[in-house]
Amino acid sequence: MSTYDYIVVGGGTAGCVISARLSSNPDSRVLLVEAGARHPLPEMATPPAWITLRGGSADWNSVTVEQSGTGTVLQIPRGRAVGGSSSINGMVFARGHRSSYDAWTASGAPGWGFDDLLPFFRRSESAAGRAADVRGVDGPMVVAPAEQPHPLAAAGLEAALEAGHLKATDISGGLEQGFGWTDLNIVGGARQSVADAYLRPVADRPNLDVVTDALVHRIRVDNGTCVGVDYTDDGRQVSAACSGEVVLTAGAIGTAQLLLLSGIGPQAHLQSVGIAVVVDLPGVGENLHDHPLSGVVYSAGRPVPVGVNNHIEVLGLMRSAADVDAPDLQAFFVTPLPGVDDQYMIAFSAMAPRSRGSVRLVSARPDAAPLLDPNYLGDSADLEMMVTGLRLAREIGNQSALVSWRDAEVAPGPDADGSSPRDYLRATTHSYYHPVGTCRIGSDEMSVVDTDLRVRGISRLRVADASVMPSIPSANTLATVVAIAERAASLMQD
Ligand SMILES: Cc1cc2nc3c(=O)[nH]c(=O)nc-3n(C[C@H](O)[C@H](O)[C@H](O)COP(=O)(O)OP(=O)(O)OC[C@H]3O[C@@H](n4cnc5c(N)ncnc54)[C@H](O)[C@@H]3O)c2cc1C
């Protein structure tokens, strides 16, 4: 059995960051184990093609249980590839508003506010042309607004300003609200995944072993200490030993699933699926949540060019009412709407959803898909927030700046008023692909990791991915996961 100083479980977004940072010390032997393939699919490089990667070989093809708030069963794509979800995602690179992270501090995660995370956000990125005291100048992720902006996105931005929203000079920076050109991790016309930015440049380090197409089954715990992992590689059962620390970076779904498979989780649930309890940790798999997403669809009165980017170039962060404490709604222009000719959408999403769900096992088999219940619109406040989002999106959609594009509102359609917007929202709300929260940081009994990301009750085991977020930030989640991973690497090297 090989012994490593560090084992990183899941070679996705966070896993690529952490294994690259830890292996920069030539004296540390690092193993990274990833279930997906080593090499990228050709379509991953082409920004507008990202939509087609959902449901393909680099997606775990997860679905939810029927959602009580919507009556629907929804897909939750998540990357199964080196680079993880960053290899199939929409390439929007944005921090949440600073209030999102300050809410983490307030919820019992001191040291995780915006100012605490800022050095790690900055370390991760090169954002040329942005304010250098807020944005990074020499990090691996090279991010910038669309080089060749879509003309319909430009018209949408004008329409948002016409509707009275603020113009944001840097909507990706975490300090502003309003509408502006978001940063994208597209470099020279191609996706830059986190694997491209962090891992591939260092993959030939002699002290870094990257094992792919390998499913981790469980972590091994001996007397309260994590001592290694078990995985299958090409049908063989393999055990790797760890003399230092194991860090779980299998994502909000995969990490919770692995802890449960390893006997770390709510006792009654583990017993119900026949897994011996190692630590009764009731918060594992709880607190699953995501941004709910819907949109107003318009037919265009003229051909809408396909564009060379990711279909999402302008983001808006708004407040649902003037007196709310923090921005709580996002809107963006989908230009064009993929899969249909000459339509576009103004999408909107509740940024601080109250609904909470869970990840649970159906059996002790590591290859069995877990039960996923993000509980979209389960809390009626989220539905009402989406009703406000629909109203604000329509306001923007009806402005004169869009008149040369707009033909008609196709969905919900001009007749939808009274109670029918709620029916429309229940029927059309789907995942924004940002599941988080299943192993949250905190100090109460439902938290899973402490503020140093150490799993409660087990030594030499950390979690560092989207699962540790106590609550979802008010933006797409990639940039936040990268910052969490940077911070984790720094904590592990202290
Ligand atoms: C289709 C899509 C579009 C998105 N668009 C955007 C966007 O435009 N902007 C944005 O900011 N965010 C976006 N996101 C969200 C963002 O990409 C994720 O929040 C982020 O990448 C999650 O990082 P992670 O490290 O937590 O998990 P991941 O990047 O998903 O990595 C987890 C890794 O662990 C591996 N793994 C899981 N279980 C096991 C196991 N048992 N054994 C071995 N390996 C395992 C997986 O294969 C995967 O590679 C999108 C996500 C998706 C899926």
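## Basis of the description

Two strands are taken to pair if DSSP finds at least two bridges between them. The structure described here with the help of that criterion is a predicted model.

## A three-stranded open sheet

Strands β18, β23 and β24 make up an open sheet, arranged in the order β18-β23-β24 and paired in antiparallel fashion. The edges of this sheet are occupied by β18 (286-288) and β24 (371-373); each has a single partner strand, so one side of each is left without a neighbour in the sheet. On average, and with direction ignored, neighbouring strands of the sheet are turned by 40° against each other.

The link between β18 and β23 can be followed at the level of residues. Strand β23 covers residues 357-360 and is joined to β18 by two bridges, the two strands running antiparallel. Within this pairing, Glu286 has Ser358 of β23 opposite it. A helix also belongs to this part of the model: α7, formed by residues 251-261, lies across β23 and β24 and runs at about 55° to β23.

## Strand β22 and its neighbours

Strand β22 spans residues 343-350, and eight of its eight residues are buried; the strand is therefore largely enclosed by the rest of the structure. The covering extends to both faces of β22. On one side the buried residues are Gln343, Met345, Ala347 and Ser349, while on the other they are Tyr344, Ile346, Phe348 and Ala350.

Two pairings of β22 are described here. Strand β19 (residues 292-300) runs antiparallel to β22 and is joined to it by seven bridges; in this pairing, Val297 stands opposite Met345. Strand β21 (residues 329-334) is likewise antiparallel to β22, with six bridges between the two, and here Ala331 is placed opposite Phe348. Both of these β22 residues, Met345 and Phe348, are among the buried ones, and they belong to opposite sides of the strand.

## Packing of helices α4 and α11

Helix α4 consists of residues 114-124 and helix α11 of residues 478-493; the two pack at an angle of about 105°, and their axes are 8 Å apart. Angles of 65 to 115 degrees count as roughly perpendicular, and α4 and α11 are therefore roughly perpendicular to each other.

From α4, the residues taking part in the contact are Asp116, Leu117, Phe120, Phe121, Arg123 and Ser124. They meet Ala479, Thr480, Val482, Ala483, Glu486, Arg487 and Ser490 of α11. By character, the residues of the contact between α4 and α11 comprise six nonpolar, three polar and four charged ones.

Technical notes
Residues are numbered from 1 along each chain as its sequence is written. This is a predicted model: local features need pLDDT of at least 70, side-chain atom pairs count only at pLDDT 80 or more; totals for chains, interfaces and linings use all residues. Side-chain values use heavy atoms; hydrogens and water are left out. Helices (H or I, at least four residues) and strands (E, at least two) are DSSP runs, numbered from the N terminus. Axes are lines fitted to C-alpha atoms, for helices over the stretch in contact, and angles run from 0 to 180 degrees between N-to-C directions. Contact means heavy atoms within 4.5 Å. Angles under 35 degrees count as roughly parallel, over 145 as roughly antiparallel, 65 to 115 as roughly perpendicular and the rest as oblique. Ala, Val, Leu, Ile, Met, Phe, Trp, Tyr, Cys and Pro count as nonpolar, Asp, Glu, Lys and Arg as charged, and the others, Gly among them, as polar. Buried means under 20% relative accessible area, exposed over 50%, partly exposed in between (1.4 Å probe, protein chains only).
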